[in-house]
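I open this notebook to keep track of what I look up, entry by entry, starting with how the helices pack and ending with single residues.

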Amino acid sequence: MLENIELSSQLKHDFKVMSTKENKYMKDLILEEAREILDFNLTVPSLERSENYTSLIVSIPEDLKEEVKNYCSLNDVRIRDFWTECVNRSMNRYV
């Protein structure tokens, strides 16, 4: 299933550059962080929506998408914030 991840234009650009430098697909980086958040029940902060945002469309396995939905429901987290946190965590890991 496709997931529309809302990111600031600058974050999307920086994420693309970082993934290229690390020679990894953006999707793989996002899924890696999502799995870690879910497996360890990590906290996802509430984030302000950027005024200047753009979309990053990523194919997400249906079972993972359901897990994310359940996690967000149980932890009172917006799905948008979950995916943005995945990108932020990936950026912090490799930059």
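**Entry 1: basis.** I am working from a predicted model, and I note that residue numbers start from 1 along each chain as its sequence is written.

**Entry 2: α1 against α2.** I looked first at helix α1, which spans residues 9-22, and at helix α2, which spans residues 26-39. I find that the axes of α1 and α2 come within 9 Å and cross at roughly 100°; angles of 65 to 115 degrees count as roughly perpendicular, and α1 and α2 are therefore described as roughly perpendicular to each other. On the α1 side I list F15, K16, M18 and S19, and these meet M26, L29 and I30 of α2. Sorted by class, the residues of this contact between α1 and α2 come out as five nonpolar, one polar and one charged.

**Entry 3: α1 against α4.** I then turned to α1 and helix α4, the latter covering residues 79-94. Their axes come within 10 Å and cross at roughly 45°, which makes α1 oblique to α4. I record the crossing of α1 past α4 as left-handed. The residues that make this contact are L11, D14, F15, M18 and E22 from α1, together with V87, N88, S90, M91 and Y94 from α4. By class I count six nonpolar, two polar and two charged residues in the contact of α1 with α4. I note that F15 and M18 are listed here on the α1 side, and that F15 and M18 are also listed where α1 meets α2.

**Entry 4: α3 against α4.** How are the axes of α3 and α4 placed, in angle and in distance? I find that helix α3, residues 62-75, packs on α4 at an angle of about 115°, with the axes 9 Å apart, and α3 and α4 are therefore roughly perpendicular to each other. The crossing in which α3 passes α4 is right-handed, and I set beside it the left-handed crossing of α1 past α4. The residues that meet are V68, K69, Y71 and C72 in α3 and I79, F82 and W83 in α4. The class tally for the contact of α3 with α4 is six nonpolar, no polar and one charged residues.

**Entry 5: E33.** Is E33 buried or exposed? I place E33 in helix α2, and I find that E33 is buried, because its relative accessible area is 0% and buried means under 20%. I then looked for a polar partner and found that the side chain of E33 makes a polar contact with the side chain of R89, at 3.1 Å. Setting aside neighbours within four places in sequence, I list C86, R89, S90 and R93 as the residues in contact with E33.

**Entry 6: E32.** E32 also lies in α2, but E32 is partly exposed, with a relative accessible area of 34%. Which residues does E32 touch, not counting those up to four places away in sequence? I find K24, R93 and Y94, and I note that R93 is also listed among the contacts of E33. The side chains of E32 and Y94 are joined by a polar contact of 3.5 Å. I also looked up a backbone separation: the C-alpha atoms of E32 and C86 are 8.3 Å apart, although these residues are 54 residues apart along the chain.

**Entry 7: K21.** I place K21 in helix α1, where K21 is exposed, with a relative accessible area of 69%. The C-alpha atoms of K21 and Y94 are separated by 9.4 Å, while the two residues stand 73 residues apart along the chain.

**Entry 8: positive phi in loops.** I checked two residues whose backbone caught my attention. N41 has a positive phi of about 50° although it is not a glycine; N41 sits in the loop between α2 and β2, and N41 counts as partly exposed at 49% relative accessibility. D76 likewise has a positive phi, of about 55°, although it is not a glycine. I find D76 in the loop between α3 and α4, where D76 counts as exposed at 74% relative accessibility.

Technical notes: This is a predicted model: local features need pLDDT of at least 70, side-chain atom pairs count only at pLDDT 80 or more; totals for chains, interfaces and linings use all residues. Side-chain values use heavy atoms; hydrogens and water are left out. Helices (H or I, at least four residues) and strands (E, at least two) are DSSP runs, numbered from the N terminus. Buried means under 20% relative accessible area, exposed over 50%, partly exposed in between (1.4 Å probe, protein chains only). A polar contact is a pair of N or O atoms within 3.5 Å; within protein, one must be able to donate a hydrogen and the other to accept it, and residues adjacent in sequence count only if both atoms are side-chain atoms. Contact means heavy atoms within 4.5 Å. Axes are lines fitted to C-alpha atoms, for helices over the stretch in contact, and angles run from 0 to 180 degrees between N-to-C directions. Angles under 35 degrees count as roughly parallel, over 145 as roughly antiparallel, 65 to 115 as roughly perpendicular and the rest as oblique. A crossing is left-handed if the near helix is turned anticlockwise from the far one by less than a right angle, and right-handed if clockwise. Ala, Val, Leu, Ile, Met, Phe, Trp, Tyr, Cys and Pro count as nonpolar, Asp, Glu, Lys and Arg as charged, and the others, Gly among them, as polar.
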